[in-house]
There are 2 protein chains.
Amino acid sequence: MSSQNIPTRDRILKSTWQLLEVGNGNAVRMSDIAKAAKISRQALYLHFPNRADLLTATTRYLDEVHDIDAKLVKSRSAASGTERLEAWVETWGNYIPTIFGVAKALMAMQETDDEAAAAWNDRILAIRDGCEKAVQALKADGKLTDNMSEEEATDLLLTLLSVRNWEQLRITCNWTQDRYIDMMQQLTAQALVKSE
Amino acid sequence: MSSQNIPTRDRILKSTWQLLEVGNGNAVRMSDIAKAAKISRQALYLHFPNRADLLTATTRYLDEVHDIDAKLVKSRSAASGTERLEAWVETWGNYIPTIFGVAKALMAMQETDDEAAAAWNDRILAIRDGCEKAVQALKADGKLTDNMSEEEATDLLLTLLSVRNWEQLRITCNWTQDRYIDMMQQLTAQALVKSE
DNA sequence: CTCTAACTTTACATGGTGTCAAGTTGACAT
DNA sequence: ATGTCAACTTGACACCATGTAAAGTTAGAG
């Protein structure tokens, strides 16, 4: 097994991600992860103090593996505000499937665990930042609708692009990923771009 | 205390609702409910076999108390498709705050408990029906956008009007209820009504 | 050969749900 | 007055997941 050579920590993170990925974020226990990583449940706690920490480390791991920063930089190079909004929706929307499992597990923990709540909040802030930048680009072009303030526009964009909405359309309603992206691009443009 | 005279079952349902309401659906235990209803934790199980059943009974109780059916009938009497969409968004959107606590608790249970998942799904189907009717009214008027099928339009409307989106805007982003309704009416109209 | 870091095994505390069984209480019928 | 029944109480316990604690194993580096 080549997986035996990978450092334990990485093997744990990879296993965590895979289990959450195939199970769509449902009910993955510490013991399941340990089994998948071929170590004892207790050894997990030698690497991560608790479940919340393991999950947040997994999101960081995914960000690294997929070099999300590079993709974000690319989406920021769009010429006009409308193109930038489109690019942002596409970039983030296409990243959701990757992190969905871990995100769902973190969201579920959030209700009861303060640490998990803080961790998830942190990630949301990063996404909100992307939304805000897109709104600002629109505003700079004089293309932001007069129906709302920049802050409201950011709130709305963040809400439309939520992981839950992706889950609803992509998983529950069985839309294709392309259809989801397409629809979100339309929807956000209609909502935020001034019509003339 | 007048509450001593109310039949136990009703007192339980009322307590459940109140606890979930004030706590925004967070972490209400069976023992908390028992204490609030002034009975022992075990007596709860004489009235409801488990937590999922208690929660679903609470939603039905709320539907009854607020006579939601009557409100829905009213929203269906709108003349045009666009008016009907507007009325539906307003009716449902204004009902969300009432059921939010219970809904959140039920959604949280859904991840692990099959019975809770089925119960919540049942409720969603009822709401989906409202969305579908609104879309059909739009279609009948020839006002449904050509961008999507009736089914897709229903999926989208259901997603936009989700409890999670309400929570995001109303609680997390601190929007007023009026602003929420207003924005949702705009958003759904832009997305679903044919522009000419 | 020894020390140490990474791991294993076993055991146990905690906190919530749900089950079980034996007792209490008050109203109502006979 | 007595028995019965339903609604409740009390106390104990099984289950399951997280997290803690402690003692033992093992492989590699000095």
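Let's start at the DNA: the residues of the surface near DNA strand D split into 6 nonpolar, 6 polar and 3 charged. Here, near means having a heavy atom within 4 Å of the strand. As for the classes, Ala, Val, Leu, Ile, Met, Phe, Trp, Tyr, Cys and Pro count as nonpolar, Asp, Glu, Lys and Arg as charged, and the others, Gly among them, as polar.

A word on what you're looking at: this is a predicted model, in which local features need pLDDT of at least 70 and side-chain atom pairs count only at pLDDT 80 or more, while totals for chains, interfaces and linings use all residues. Residues are numbered from 1 along each chain as its sequence is written, chains are lettered from A and ligands numbered from 1 in the order in which they are written, and side-chain values use heavy atoms, with hydrogens and water left out.

Back to strand D. Of the 15 residues around DNA strand D, the nearest are Arg29(A), Arg41(A), Thr8(B), Ser40(B) and His47(B). Two of these reach phosphate oxygens of the strand through polar side-chain atoms: Thr8(B) at 2.3 Å and Ser40(B) at 2.5 Å. Gln42(A) goes for a base instead, with a polar side-chain atom 3.2 Å from a base oxygen of DNA strand D. The biggest contributor to the surface near this strand is H3(B), with 4 residues. Helices like this one are DSSP runs (H or I, at least four residues), numbered from the N terminus.

Now turn to DNA strand C. Around it sit 15 residues, of which Thr8(A), Ser40(A), His47(A), Arg29(B) and Arg41(B) come nearest. A phosphate oxygen of DNA strand C lies 2.6 Å from a side-chain N or O atom of Ser40(A), and one is 2.5 Å from such an atom of His47(A). For strand C, the largest share of the nearby surface comes from H3(A), with 4 residues.

Moving away from the DNA, chain A is divided into domain 1 (2–61) and domain 2 (66–192), with bounds from an automatic or database domain assignment. The C-alpha centres of these two domains are 27 Å apart. Even so, 14 residues of domain 1 of chain A are in contact (heavy atoms within 4.5 Å) with 15 residues of domain 2 of chain A.

What does Leu156(A) touch? Leaving out residues up to four places away in sequence, its partners are Met148(A), Ala191(A) and Leu192(A), plus Leu169(B), Trp175(B), Met183(B) and Leu187(B) from chain B.

Conventions. Polar contact = N/O pair within 3.5 Å; in protein donor to acceptor, adjacent residues only side chain to side chain. Helix = DSSP H or I, 4+ residues; strand = E, 2+ residues; numbered from the N terminus.
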